[in-house]
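Here are my notes for a colleague opening this structure for the first time. Keep the viewer at hand and go through the points in order.

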Amino acid sequence: MALALVLGRRGLGNAWPNPAVGCVLVRDGRIVGRGWTQPGGRPHAEVHALLQAGEAANGATAYVTLEPCAHYGHTAPCTHALIAAGVRRVVLGAQDPDPRVDGKGIAQLRQARIHVITGVLARECAEANAGFFQRVRDRRPLVTLKLATSLDGRIATSSGESKWITNEQARAQGQALRARHDAILIGMSTALADDPLLTCRLPGLEARSPVRVVLDSRLRLPLESRLVASARSVPLWLVTVGPADPDRHAALTEAGAQVVEVSAGAAGRTDMREALAALAARGVTRLLIEGGGEVAASALRAGLVDAVAHFQAPLVLGQDGRPGVQALGLNRLADAPRFVQDRLRTLVTDIEATYIRAAGRD
């Protein structure tokens, strides 16, 4: 199952809207098939492993990180494939919360007289697909807020200079984060100030670039921006307050961008909860928020941040530097968003710390 987890994580960032599942087939003490959910979600991990195993799957044990699907979608159920291949036993990690599955896969396998064992490395398997689970249960993606700051929490000088606060190793880890997420989100201020590309620039992982999402309440993103110029090669979604200006909508769509309309929130800006619900409706399970301070504050105020990836450099920019998180409007410490440290490591001169939302905090 540990190997199946490793395989399944290969699908993070490119298996959506499906979960990133891993499967290992073992017969007579020998691995005869390995599989993981392929780009775009198909074929599923079980089918991938069965194709590799061929006739050796007959009588084998399948180790699968998530309950096999039991419904017809774009393909036939994986339970049918396992049964038809003659698999003798299935060892499962987590149960699938999708109402179309949720125990039905286990029941189908047992009805076919396949021995099913559940709950093996269940916590780890559930964590690996926390984004998929969140989309199913809460109709929003799992949200990670990435911050790259000075010691005093600043992301740029007073003039806006930010390249580069963190070192090369920290920036590479930030790029790896992009490859493991379905979509990356920034606000309009960052889009206008930095003219970013938001692709994954790690050698060999360029094709793993996430969908680029900009909160653009009035469709102000320039047609000559790098985001729009690359929209036909890397997906670009603009979340705006509807109804959108028809001329701007047409021009941006013609350039390759997709416009997503949601209701207005505070001060006429894009409502963050509605924006995330719209992304989930389009299949996004894992979202990386990368800039800037107002977007970070908006997500934190709404209780939508599930994890924080903080890269901290050993320099101080002072009060006139631009903060990584804008005002939250807090009067009491008890109201502050709280997180628990999950990982800490040194990247030469910088520090990478990962935090997850404290239990019971909205």
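1. Let's start with the holes. This is a predicted model, and it holds 2 cavities of 30 Å³ or more. The largest cavity has a volume of about 80 Å³. To find it, look for Leu12, Asn18, Ala20, Thr285 and Arg286, which lie nearest its centre among the 17 residues of the lining. Helix α6 (residues 130–138) supplies the largest share of that lining, with 3 residues. By class, the lining of the largest cavity splits into 8 nonpolar, 7 polar and 2 charged residues.

2. Next, an open space. The second largest pocket takes up about 1,000 Å³. It is lined by 28 residues, and those closest to its centre are Glu127, Leu142, Arg286, Asp342 and Ile356. Two or more lining residues come from each of α5 (122–128), α6, β6, α7 (168–179), β13, β15 and β16. Which element gives the most to this lining? Helix α6 does, with 5 residues. The lining of this pocket has 13 charged residues, along with 10 nonpolar and 5 polar. Arg286 is worth clicking on, as it is listed nearest the centre of the largest cavity and also closest to the centre of the second largest pocket.

3. Now the 9-stranded sheet. It is open, its pairing is mixed, and the strands follow the order β11-β10-β9-β8-β12-β6-β13-β16-β15. At its edges stand β11 (258–262) and β15 (339–347), each of which pairs on one side only. From one strand to the next, the twist averages 20°. Helix α11 (residues 272–281) packs on this sheet and touches β6, β8 (183–187), β9 (211–215), β10 (236–241), β11 and β12 (286–291). The direction of α11 makes about 130° with that of β11.

4. Within that sheet, I'd linger on β13 (residues 307–312). Is the strand mostly covered or mostly exposed? It is mostly covered, with 5 of its 6 residues buried. On one side β13 pairs with β6 (residues 142–149) in the parallel sense, over 6 bridges. Two places to check there are Leu145, whose bridge partner in β13 is Val308, and Ala148, which stands opposite Phe311. With β16 (residues 350–357), β13 runs antiparallel, again joined by 6 bridges. Here Ala309 stands opposite Thr354. As background, strands of a sheet pair through backbone hydrogen bonds, either parallel or antiparallel.

5. There is also an open sheet of 5 strands, in the order β2-β1-β3-β4-β5 and with mixed pairing. Why does one side of β2 (30–36) and of β5 (115–117) lack a neighbour in the sheet? Both stand at the edges with a single partner strand each, so one side is left free of a neighbour. The twist in this sheet averages 15° from one strand to the next. Inside it, β1 (residues 22–27) and β3 (residues 61–66) pair antiparallel over 4 bridges, and Leu25 stands opposite Ala62 in β3.

6. A helix to look at is α12 (residues 293–301). This helix is mostly covered, 7 of its 9 residues being buried. The buried ones are Gly293, Val295, Ala296, Ala297, Ser298, Ala299 and Leu300. Just after α12 comes Gly303, with a positive phi of about 70°.

7. Finally, some backbone details to check. Most residues other than glycine have a negative phi, and most peptide bonds are trans. Where do the cis bonds listed here fall? One joins Arg42 and Pro43, with omega about -5°; Pro43 lies in the loop between β2 and α2 (45–53). Another runs from Lys163 to Trp164, with omega near -5°, and Trp164 lies in the loop between β7 (154–156) and α7.

8. Two arginines have a positive phi despite not being glycine: Arg113 at about 65° and Arg139 near 60°. Arg113 belongs to the loop between α4 (104–111) and β5, while Arg139 is in the loop between α6 and β6. Why does Arg113 count as exposed? Its relative accessibility is 79%, and exposed means over 50%. Arg139 counts as exposed too, because its relative accessibility is 56%.

Definitions and conventions:
Residues numbered from 1 in each chain as written. Predicted model: local features only at pLDDT ≥ 70, side-chain atom pairs only at ≥ 80, totals over all residues. Heavy atoms only, no water. Buried < 20%, exposed > 50% of the residue type's maximum accessible area, 1.4 Å probe, protein only. Pairing = 2+ DSSP bridges. Axes fitted to C-alpha atoms, helices over the stretch in contact; angles between N-to-C directions. Contact = heavy atoms within 4.5 Å. 1 Å grid on protein atoms, 1.4 Å probe; cavity = no way out; pocket = protein on both sides within 12 Å on 5 of 7 lines; lining within 4 Å. Points joined across faces, edges and corners; volume = space filled by probe spheres on them. Nonpolar A, V, L, I, M, F, W, Y, C, P; charged D, E, K, R; others polar.
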